[in-house]
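Visitor: Could you take me on a close tour of a single part of this structure, and show me how its surroundings fit together? I would enjoy one connected story rather than a list.

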Amino acid sequence: MGCDASSGVPVKSDAYRAAEDIFYVGINDVSFFVEDDEKENFYLVILRKLFPEISIKKIFPQGGKANVINKARRHSGDVNFVFIVDADFDLLFEEKVEIENLFYLDRYSIENYLLEDVAVKKLILSERPALNA
């Protein structure tokens, strides 16, 4: 943890984010990693609703797409780690990174799925049907 220079409020550092999931091994059945700190609870609610049979106590925001992609590279193929990033303009500019357990939302950002939360489940299960077990 660190402190915001202007306000002195504690903030999560990149080092903290990189290691935070270690404390939840054995608590989360699957660890989900996302970009934005401020959307952690939003993802938690959606993913719990989509995957009620999976124990998800914590979502791990990584503070940006680059951090999610870097962590996905280190954990490629690990079925207990799922990485979700916004499409932003990556799909349009053909900048999509191909990693086995990295998933791009089909839309610009997660908020675009507010009325279609089942779409996230379909996206993940279409790419990794074994997660339905």
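**A strand and the loop that follows**

Guide: Phenylalanine 32 has valine 82, in β5, as its bridge partner. That pair is a good place to step in, with the reminder that we are looking at a predicted model. Strand β3 spans residues 31-34, and its link to β5 is parallel, made over three bridges. Another of the pairings puts serine 31 opposite phenylalanine 81 in β5. β3 also pairs with β4, again in the parallel sense, this time over two bridges. Here valine 34 meets proline 61 of β4 as its bridge partner.

How is β3 covered on its two faces? Ser31 and Phe33 are buried on one side, and Phe32 and Val34 are buried on the other.

Stepping across to β5, we find a similar story to tell. Both of its faces are covered too, with Phe81, Phe83 and Val85 buried on one side and Val82 and Ile84 buried on the other. Strand β5 runs over residues 81-85, and since five of its five residues are buried, it is largely enclosed by the rest of the structure. Beyond β5 comes β6 (residues 102-104), which pairs with β5 in the parallel sense over three bridges. There, valine 85 stands opposite tyrosine 104 of β6.

Put these pairings together and you have an open sheet of four strands, ordered β4-β3-β5-β6, with parallel pairing. Its edge strands are β4 (60-61) and β6, each of which pairs on one side only.

Now let us leave β3 and follow the chain onward. Between β3 and α2 (40-50) there is a loop, and glutamate 35 sits in it. What does this side chain have for company? Leaving aside residues up to four places away in sequence, glutamate 35 touches Pro61, Gln62, Gly63, Gly64, Lys65, Val68, Ile84, Val85, Asp86 and Asp88. Two of those names, Ile84 and Val85, we have just met as buried residues of β5.

Glutamate 35 is buried, yet it has no salt bridge. Side chains of opposite charge can pair when their charged atoms come close. For glutamate 35, the nearest side chain of opposite charge is that of lysine 65, 4.6 Å away. A salt bridge is counted within 4 Å, so a pair at that distance is left out. What the glutamate 35 side chain does have is a polar atom 2.5 Å from the backbone nitrogen of aspartate 86.

Lysine 65 leads us to helix α3 (residues 65-74), where the buried residues are Lys65, Val68, Ile69, Lys71 and Ala72. They lie on the same side of α3 because they cover an arc of only 165° around the axis. On the face turned away from that buried side, α3 carries the exposed residues Ala66, Arg73 and Arg74. Two of the buried residues of α3, Lys65 and Val68, are also among the contacts of glutamate 35.

So where are the salt bridges? The structure holds two. One joins lysine 39 to aspartate 36, with their closest N and O atoms 3.2 Å apart, and both of these residues are buried. The other joins lysine 58 to glutamate 40, where the closest N and O atoms are 2.4 Å apart. Lysine 58 belongs to the loop between α2 and β4 and glutamate 40 to helix α2, so this pair ties together parts that are 18 residues apart in sequence. Lysine 58 and glutamate 40 are buried as well.

Finally, a step back to the whole chain. The protein has four helices and six strands, arranged along the sequence as β-β-α-β-α-β-α-β-β-α. Of its 133 residues, 43% are buried. Among contacts with a separation of 6 or more, 56% come from residues 24 or more positions apart.

How values were computed:
Residues are numbered from 1 along each chain as its sequence is written. This is a predicted model: local features need pLDDT of at least 70, side-chain atom pairs count only at pLDDT 80 or more; totals for chains, interfaces and linings use all residues. Side-chain values use heavy atoms; hydrogens and water are left out. Buried means under 20% relative accessible area, exposed over 50%, partly exposed in between (1.4 Å probe, protein chains only). The arc is that of the directions from the helix axis to the C-beta atoms. Lys and Arg count as positive and Asp and Glu as negative; His and the chain ends are not counted. A polar contact is a pair of N or O atoms within 3.5 Å; within protein, one must be able to donate a hydrogen and the other to accept it, and residues adjacent in sequence count only if both atoms are side-chain atoms. Contact means heavy atoms within 4.5 Å. Two strands pair if DSSP finds at least two bridges between them.
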